[in-house]
Amino acid sequence: MVDPRTSIIAERLKNVHDVIAVSGGKGGVGKSLIASTLALLLAENNRVGLFDLDFTSPSTNLILGIKDARPVEDKGIIPPKVHGLRYMSIVYYSGDYAAPLRGVDISNALIELLAITRWENLDYLILDMPPGISDATLDLIRLIKKIRFVIMTTPSQLAFETIRKLTDLLTAQNIQIIGIIENMKTDKDQTIKSQIRKLGLDYLGQIPYDPQIESALGNPSRLLNTEVAQKTKQIARKIQQFRQ
Ligand SMILES: Nc1ncnc2c1ncn2[C@@H]1O[C@H](COP(=O)(O)OP(=O)(O)OP(=O)(O)O)[C@@H](O)[C@H]1O
Ligand SMILES: [Mg+2]
């Protein structure tokens with residue numbers, strides 16, 4: 001039987017122009033930091049939503065310093081507006097507790113959240129994804145037809161090898177990959193850049209390793225003043241040019 005929530009999800013996302021999943025093959029490559037920064041930057045001149053879909057370790061709430069905002073219940077739930085963007089996360093339902101969900105429960109929680117969340121008209125909905133090819137990745141590809149991916153790697157060959165699996169999967173399913181970001185760069189080595197180009201994918205840019213980031217976590221205006229944000233801004237411009 002087809003889950004009736006799948007058609008509700010399409011309806012819920014009807015007025016969202018562009019859904020961008022910030023994803024990566026590995027944990028700890030900067031998906032949450034860059035998804036949050038990108039959402040803040042795009043929100044300077046667009047209507048933007050940020051949806052934290054990392055059910056085991058949601059962290060955009062910590063990066064953006066979101067504490068008291070709560071969604072409003074009204075024929076579904078309306079994400080609160082925080083720092084100029086509409087914000088939604090499993091954290092609202094798990095609080096500070098771990099959400100020890102198994103595969104099928106994660107799928108269910110994801111589908112439920114997508115089905116009940118009422119986004120207003122949005123230019124961009126940014127999704128902060130869990131690491132790797134997770135159940136959430138497979139569900140989202142199935143449920144959100146207009147989804148596009150930005151994929152993060154670090155300069156390490158270990159991280160790059162894991163994105164190859166993800167890009168193969170997305171390409172096989174005809175899902176658009178906007179491009180790849182190389183994060184935590186400490187030198188000018190071009191190896192990853194040329195490997196990405198060999199795969200026929202767009203290299204969106206590199207973001208330096210910035211020791212100032214730690215002290216900017218939880219404080220969006222400080223975050224926007226870092227070198228990470230400066231570089232992310234150039235990437236945001238490219239993403240807007242590639243707009244669907
Ligand atoms: N360019 C950077 N410079 C300095 N620190 C960074 C940079 N990018 C990310 N970090 C730091 O690296 C850590 C991991 O980043 P983040 O949580 O965004 O990664 P992630 O890919 O979302 O991880 P997970 O897979 O666990 O969700 C964080 O402490 C973050 O502040
Ligand atoms: Mg993360």
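**Why ligand 1 counts as held in a pocket**

Visitor: What makes the pair formed by D210 and ligand 1 a polar contact?

Guide: In this predicted model, a backbone N or O atom of D210 lies 2.9 Å from a nitrogen atom of ligand 1. A polar contact is a pair of N or O atoms within 3.5 Å, so this pair counts. Two further pairs also qualify, because an oxygen atom of ligand 1 is 2.7 Å from a side-chain N or O atom of K31, and a backbone N or O atom of G30 lies 3.0 Å from an oxygen atom of ligand 1.

Visitor: How much of ligand 1 does the protein bury?

Guide: Taken alone, ligand 1 exposes 640 Å² (Shrake-Rupley method, 1.4 Å probe). The protein buries 80% of that.

Visitor: Which residues surround ligand 1?

Guide: The shell has 18 residues, each with a heavy atom within 4 Å of the ligand. K31, S32, L33, N183 and D210 are the closest. By type, 10 are nonpolar, five polar (Gly is counted here) and three charged. Helix α2 (31–42) gives the largest share, three residues; a helix is a DSSP run of H or I with at least four residues, a strand a run of E with at least two.

Visitor: Why is the space taken by ligand 1 called a pocket?

Guide: On a 1 Å grid over the protein atoms alone, a pocket is an open set of points with protein on both sides within 12 Å along at least five of seven lines. Ligand 1 takes up the largest pocket, as more than half of its atoms lie within 2 Å of the grid points. That pocket has a volume of about 410 Å³.

Visitor: What lines the largest pocket?

Guide: There are 22 lining residues (an atom within 4 Å of a point). G28, V29, G30, L33 and M184 lie nearest the centre. Again α2 gives the most, three residues.

Visitor: How are the names and values set?

Guide: Residues are numbered from 1 along each chain as its sequence is written, with chains lettered from A and ligands numbered from 1 in the order written. Local features need pLDDT of at least 70 and side-chain atom pairs 80 or more, while totals for chains, interfaces and linings use all residues; side-chain values use heavy atoms, without hydrogens and water.

Definitions and conventions
Polar contact = N/O pair within 3.5 Å; in protein donor to acceptor, adjacent residues only side chain to side chain. 1 Å grid on protein atoms, 1.4 Å probe; cavity = no way out; pocket = protein on both sides within 12 Å on 5 of 7 lines; lining within 4 Å. Points joined across faces, edges and corners; volume = space filled by probe spheres on them.
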